[in-house]
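User: I am new to this structure and would like to go through it step by step. Please show it first.

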Amino acid sequence: MNNDFRWMPEQASSISSEVDAVYYFLVIVSAVLTVLIAGLIVYFAIKYRRGSPADRSTGTTHFYAIELTWIILPFLLTLVMFFWGAHVYLKQTRPPASAMQFQCVAKQWMWKIQHPQGNAEINELHVPLDQPIAIRMISEDVIHSFYVPAFRVKQDVLPGRYTTIWFQPTKVGSYHLFCAEYCGAKHAEMRGTVHVLEPSQYQEWLNQKLATSSTSAAPSLLSELRCTSCHLNGDRPGRAPSLAGLFGRRVVLNNGQTVIADETYIRESILRPAAKIVTGYTPLMPSFEGQVNEEQILQLIREIKQLPRDVTAPSKEDSMSDAEESNP
Amino acid sequence: MSDTPVTLPEHHYLNADYRLSSWLVTRDHKRIAILYLISITFFFVIGGIAATIVRLELMTAKADWVESETYNKLFTIHGITMIFFFLIPSIPTVLGNFLVPMMLGARDLAFPRLNLLSWYLFATAGILTMWAILAGGVDTGWTFYTPYSSTYSNSYVMATALGVFVSGFSSILTGLNFIVTTHLMRAPGLTWFRLPLFIWSMYAASLIMVLGTPVVALAILLVGLERMFGIGIFDPALGGDPLLFQHLFWFYSHPAVYIMVLPAFGVISELVACFSSRRPFGYAFIGFSSFAIAIIGFLVWGHHMFVSGQSVYAGMVFSMLSFLVAIPSSIKVFNWTATLYKASISYRTPMLYALGFIGLFTIGGLTGLFLATLAVDVHVHDTYFVVAHFHYIMVGGTVMAYLGGIHFWWPKMTGRMYPESWARFSAILIFVGFNLTFFPQFLLGYLGMPRRYHVYPEEFQVLNVMSSAGASILAVGYVFPVTYLIWSLRYGEPAPANPFGHTGLEWTTQSPPKTHNFDTVPIVEREAYDFLPEDTDRKIDEEQEVELV
Amino acid sequence: MSDAAVLPAHHFETHEQQRLAGEVGMWLFLVTEFMFFGGLFLAYFIYRNWYPVEFVEGGHTMDSVLGAINTGVLLTSSLTMALAVHAAEQSERRRTLWLLIATMVFGTIFLGVKAYEYHHKYEEGLMPFLAPEVWQPDRRGLATFLHLYFLMTGVHAFHMVIGIGALAILARWTTQGVTLGPRSLVVHNVGLYWHFVDLVWVFLFPFFYLVA
């Protein structure tokens with residue numbers, strides 16, 4: 001990481017230069033206005049100082065044309081700022097469908113990030129260059145905030161609810177990851193590093209991690225927690241909705257409502273199963289709150305996504321993109 | 001105009017009764033203003049000490065002076081003391097209490113006993129909060145975000161929350177008093193458009209005090225209840241919503257910044273008018289802009305929550321409205337500047353503060369636009385950019401206006417003049433120290449240094465050292481006015497009724513005023529800021545009485 | 001009694017000014033109360049949206065008959081209060097006194113019924129804040145309903161207690177004759193406060209008792 005003094009942060013993501021462009025526009029507008037006003041004040045203060053021979057004969061107390069002008073012109077300027085800012089903001093907050101899906105659990109005072117292939121890192125994140133990366137995040141305890149200044153992105157990480165951040169790194173290097181929402185004693189030390197590698201180097205790094213880690217040998221949480229006994233008992237359907245091919249599918253509830261089985265729905269079903277009952281079933285499932293932590297829930301979601309699809313089930317064409325979160 | 005030396009009047013509100021008990025049960029709005037002056041100065045010192053230790057710690061990238069837990073308590077105490085116990089009361093309770101009845105030609109506020117109750121509530125709240133600090137402090141940040149404050153923090157959250165809760169009622173009663181007084185107790189002939197602009201601003205600020213404070217009172221009460229009883233309001237582990245707290249909190253706390261700055265605008269309007277010897281340009285627009293700010297100010301709170309998990313569309317609405325609220329503020333700045341055109345400008349200390357205010361508030365307000373811009377806010381939210389922005393407004397703005405107003409009305413309040421040269425020197429020192437302290441923080445913020453960090457990456461150190469150096473100058477700058485103003489109580493030149501030649505009913509009374517302000521109810525026949533043309537080149541001599549024709 | 005000799009307070013010019021000030025002041029205070037309770041109702045609506053099933057369940061734990069009786073009691077108290085204000089304005093000392101006392105009695109009955117309801121909930125183990133560990137995670141929604149119930153009716157009851165206290169002071173002053181005629185403003189203002197507290201209950205009743 002570059003520890004030299006700088007005036008501006010590095011531009012390391014696809015959106016950095018766009019954000020900086022808006023910023024520079026604001027800086028220039030501000031500088032012009034400040035110099036204009038300060039200059040006028042200094043000029044008037046000198047020219048019209050008490051006792052000076054300046055002409056004061058036609059000083060007016062109001063002039064509607066001027067006043068309207070300096071209401072309307074600044075207003076138009078703010079419209080430009082708003083639209084440009086909102087335009088870039090929409091890019092900052094909408095990950096492309098091709099984004100690699102990572103997961104992150106934040107807790108006092110560390111970041112635990114999981115790659116789509118299953119390997120996890122603590123306070124570090126290795127990503128390949130030029131690849132959009134989306135991270136689904138949740139907190140185990142208080143509110144944190146995932147912030148990488150070089151990428152110009154930030155998103156609060158909440159307990160009880162998933163939020164998403166995305167970026168596309170455009171420059172190889174190592175960049176600060178900060179927690180940007182005060183979270184207690186070691187808030188300032190809840191830092192990490194994002195390492196952007198050339199795609200080939202990333203692949204090398206990944207292969208090495210997967211070879212040495214025991215992820216592939218990890219037992220299925222779905223079996224360990226006995227979810228399968230009700231939800232994947234092929235010969236005896238009827239007790240609980242099948243999990244096969246569930247992810248992304250439309251689900252009809254017993255109150256007539258239809259919802260999409262996304263990450264939020266699955267998490268809620270694990271922690272508060274009585275909240276949404278699928279039509280044709282009864283509320284039998286016990287809550288797993290207190291028995292599984294957020295990391296395990298993300299693991300279960302991952303396993304459910306990877307279940308082979310039941311061929312008789314409807315297809316996934318009406319699934320939501322990961323960018324849209326629904327409220328619990 | 002007489003040539004005889006000015007002496008203090010024989011009977012005035014300060015010497016009406018020397019006993020301490022007479023002060024503690026007073027109903028005189030002027031004495032209550034002095035009680036507030038003393039208390040908020042005390043809290044300013046407390047908050048300032050906390051800030052001093054913070055800036056000392058931030059001179060190095062590592063933790064040298066204090067541990068993290070202590071640091072977290074320090075910035076929390078700094079925020080809570082400065083916002084709730086200094087800034088929000090400052091101009092309304094000191095200058096507002098003293099001047100509102102006098103500017104209206106009244107003998108007191110509508111509810112003098114409620115006014116005293118306001119002060120006792122404030123003092124009680126302050127004592128509670130001081131106890132919490134001494135007992136061990138609170139480390140949640142002044143923003144009390146949940147679930148950290150309601151479940152996880154191991155500090156004196158309840159006591160502090162109670163202190164803030166009680167101080168809110170003090171604020172509500174003051175605002176209520178001002179609104180009723182302004183409506184019903186104006187002197188005959190004093191129509192709305194003849195009022196000093198200070199009254200317009202105070203009224204708008206009072207509306208916010210009355211409407212907004214109850215909501216934060218509720219938010220804090222709920223945090224306390226969740227802490228004590230585990231009711232599931234804000235902690236998701238208990239079934240609650242942490243964002244609900246943020247909405248309730250910011251619904252007040254954004255308008256609160258207008259409580260802090262609208263009275264400052266009022267002061268500046270008076271100072272610019274007086275030391276230009278001119279009616280402020282666009283009086284009506286300035287007056288109405290105060291109301292526009294108060295109203296629109298209630299609609300923008302979500303701009304504190306752009307990355308909180310709030311919906312993208314809500315973000316857009318709040319962003320647009322936040323730009324809108326900047327327009328009325330900019331109207332004021334343009335109009336004050338235009339007031340200087342073809343004016344007759346004097347460089348007395350209050351005017352130095354006023355001109356400094358206009359420059360610093362302009363920077364503070366413009367950087368607010370950066371924060372209203374969604375794309376930029378994503379990057380700078382919760383960084384030192386925000387810290388710099390609000391200090392430009394609160395310190396470069398409100399504190400400068402407060403000091404300018406204190407100097408301006410000091411002769412009226414105490415019967416003494418402040419020492420002009422020392423005062424000018426201090427004003428300039430404060431202006432320089434302030435900019436050195438806070439301008440580097442804009443750069444730090446854009447570089448990515450988050451708020452509330454006591455340790456940071458090495459590359460941020462240079463700007464932090466610059467900021468701390470500036471803070472030392474600023475601190476010295478503040479010591480001067482405290483010192484020479486106290487000195488002036490005994491050794492300052494006795495002040496005439498109207499040393500600066502301003503218009504307004506308070507300047508028609510003796511300095512200091514009698515307890516009941518006016519012997520007979522004044523009847524107002526002149527427009528506001530009715531400076532006579534031949535006044536514009538008049539030299540104001542400290543020693544001479546200036547008569548209003 | 002020679003009211004003409006009674007001057008307005010030293011800082012007012014006329015009685016009318018003083019009367020108006022008191023009335024506007026009270027309305028402003030009620031606005032702050034509206035904002036305070038408004039925040040509570042906002043929280044209620046948000047959680048009702050989150051836990052619709054549990055809120056209905058919560059509604060079933062309430063005794064609507066008692067709630068309806070209490071509503072009737074409070075509405076009647078508002079009637080006696082309004083009549084008391086009128087009597088005070090007409091300088092009818094005895095009528096004013098009895099009507100104030102009647103209002104206090106109805107207010108106390110209301111609080112008595114509420115105390116009984118709270119006790120009943122305690123007996124049934126429906127006070128989650130007393131034993132949070134007993135309440136399973138999937139009963140959070142019901143816990144939230146009950147917490148909001150105790151919180152909102154509790155804050156309301158607190159306002160009732162203050163109101164009854166104010167009425168007691170008014171009753172005493174009435175025996176001294178200082179609340180009548182031109183000085184009846186204070187009765188009018190307490191009346192405004194009482195009606196407001198009543199109005200809050202008129203919304204609390206359906207939102208908690210009639211949810212089902």
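**Confidence and helices**

Analyst: The mean pLDDT (the predictor's confidence in each residue, from 0 to 100) of chain C is 90, and 97% of its residues reach 70 or more. This is a predicted model, in which local features need pLDDT of at least 70, side-chain atom pairs count only at pLDDT 80 or more, and totals for chains, interfaces and linings use all residues. Residues are numbered from 1 along each chain as its sequence is written, while chains are lettered from A and ligands numbered from 1 in the order in which they are written.

User: How many helices does chain C have?

Analyst: Helices (H or I, at least four residues) and strands (E, at least two) are DSSP runs, numbered from the N terminus. Along the sequence, chain C reads α-α-α-α-α-α. Chain C has 0 strands, and its number of helices is 6.

User: How many of the residues of H11(B) are buried?

Analyst: Helix H11 of chain B covers residues 349–372. A residue is buried if 20 or more other C-beta atoms, placed from the backbone, lie within 10 Å of its own, exposed if 12 or fewer, and partly exposed in between. H11(B) is mostly covered, with a buried count of 24 of its 24 residues.

User: Is H14(B) roughly parallel or roughly antiparallel to H15(B)?

Analyst: Helix H14 (residues 420–447) and helix H15 (residues 461–491) of chain B pack at about 155 degrees, with their axes 7 Å apart. Angles under 35 degrees count as roughly parallel, over 145 as roughly antiparallel, 65 to 115 as roughly perpendicular and the rest as oblique. Therefore H14(B) is, relative to H15(B), roughly antiparallel.

Notes. Expected span 1.5 Å × (residues − 1). Axes fitted to C-alpha atoms, helices over the stretch in contact; angles between N-to-C directions.
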